[in-house]
Amino acid sequence: MSHVADRSGTQNPLLQLTAMTADLARVDDELLKAVETDDDLLTEIAGHLIKAGGKRLRPGFAIAAAATGTGDAGPAAHEVVLGGVSVELVHLGSLYHDDVMDEAKTRRTVDSVNARWGNLKAILGGDFLLAKASEIAAGLGTEVAGLLAATIAKLCEGQVRELRNIYNTARTEESYLDAITGKTAALFAAATRIGGLVAGLPRVDIDRLTTFGTEYGMAFQIVDDILDVVSSEEELGKPSGNDLMQGVYTLPVIRTLSGPDRDRLLPLLGRPLDKTQVEGPRRLIIDNGSIAGSVVTAHGYIDRALEALAPLPETPGTAALRGAAHHLLASLPATA
Ligand code: GRG
């Protein structure tokens, strides 16, 4: 029995796979086990966001990817669960560090680690999670360990590409896509690839699953960025327009800046904004069609994700991945 926040209210679209609820409970148990140390404070810090919940999308993708190769939708093999755990630990480590960079106050509806324990302990907690991820991946073989290490590097590269463009109103679409390939898509790709590798699937299918993860991950970040502009504070659990306030100019912003409303938006950006100042730019972006255009781009990535899945055997795992891809687009509000 794990002491992790109930996730029944949050949407993990992979829960349609019969054994997924039980498999994700095993993931939770292994996550908590992975962060147990002799130092009570470090154990508490490293377990903080595990206990807070989260959707566990990435372990879910690893488990579903492994299941694409079998008609039997029974419990995942232990190594598959550990593959998912290693990816979630990297995700957690990146969230600890991201929250330090953003000075975020909350995460997964609880205090961020930096807000509760300060930046120094949050950085070390994040480092510890990455180390534990590497240790678990090493137990799954050289290829998985190498892939996870390379993925951590890609996350850092993606984040640096984003940081180099903070408050840059001349940011290009190419620069945006490059950044999200690293900071988000790389980890989804690692999740599905590790699932396929650990399950011993044919190479050609492992590559298809990796493409699925990459394309889904791109769409996931674009949807996240659209929601940051169009959703209310209540829906997001954080101030809407957060990216705009902090100078992260995402696809809808870049599209608006290259369209007819450029001259109205440009003077409002290029510097930090507070909650009241962000409302004007938000309205301009929502009203000018750039959201609809960004939704079309997200659909394109999902189409390519589904194409990658098409040649895989028709199993419950394949159906679950396909369902998750459709579900992502369905999460966009009608206004978008
Ligand atoms: C040290 C690995 C490492 C990386 C350093 C900070 C950093 C570089 C990268 C951050 C990348 C980042 C925060 C990308 C955003 C990813 C994202 C969309 C997070 C939200 O994912 P969800 O919705 O969250 O799956 P839950 O909480 O449900 O797991």
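This report walks through the ligand site of a predicted model and then turns to helix H3, one of the elements around that site.

**Around the ligand**

The ligand has 19 residues around it, and those that come nearest are Lys55, Arg58, His91, Arg108 and Gln221. For three of these residues, the table gives the distance from a polar side-chain atom (N or O) to an oxygen atom of the ligand.

| Residue | Distance to a ligand oxygen atom |
|---|---|
| Lys55 | 2.6 Å |
| Arg58 | 2.8 Å |
| His91 | 2.8 Å |

How much of the ligand does the protein bury? On its own, the ligand would expose 750 Å², and the protein buries 90% of that area.

Sorted by class, the shell around the ligand holds 7 nonpolar, 7 polar and 5 charged residues. Several helices give two or more residues each to this shell: H3 (57-67), H4 (78-102), H7 (142-163), H8 (173-198) and H9 (203-230). The largest share, 5 residues, comes from H4.

**A look at helix H3**

Is H3 mostly covered or mostly open? Helix H3 is mostly covered, with 11 of its 11 residues buried. Among them are Arg58, Phe61 and Ile63, along with a run of alanines from Ala64 to Ala67. Arg58 is thus a residue to look at twice: its side chain has a polar atom 2.8 Å from a ligand oxygen atom, and Arg58 is also one of the buried residues of H3.

What covers the buried residues of H3? The cover includes H4, H8 and H9, three helices that also give residues to the ligand shell. Helix H1 (20-34) and helix H16 (316-330) are part of the cover too.

Terms used
Residues are numbered from 1 along each chain as its sequence is written. This is a predicted model: local features need pLDDT of at least 70, side-chain atom pairs count only at pLDDT 80 or more; totals for chains, interfaces and linings use all residues. Side-chain values use heavy atoms; hydrogens and water are left out. A residue is near a molecule or strand if one of its heavy atoms lies within 4 Å of it. A polar contact is a pair of N or O atoms within 3.5 Å; within protein, one must be able to donate a hydrogen and the other to accept it, and residues adjacent in sequence count only if both atoms are side-chain atoms. Accessible areas come from the Shrake-Rupley method with a 1.4 Å probe; for residues, only the protein chains shown count as cover. Helices (H or I, at least four residues) and strands (E, at least two) are DSSP runs, numbered from the N terminus. Ala, Val, Leu, Ile, Met, Phe, Trp, Tyr, Cys and Pro count as nonpolar, Asp, Glu, Lys and Arg as charged, and the others, Gly among them, as polar. Buried means under 20% relative accessible area, exposed over 50%, partly exposed in between (1.4 Å probe, protein chains only). Contact means heavy atoms within 4.5 Å.
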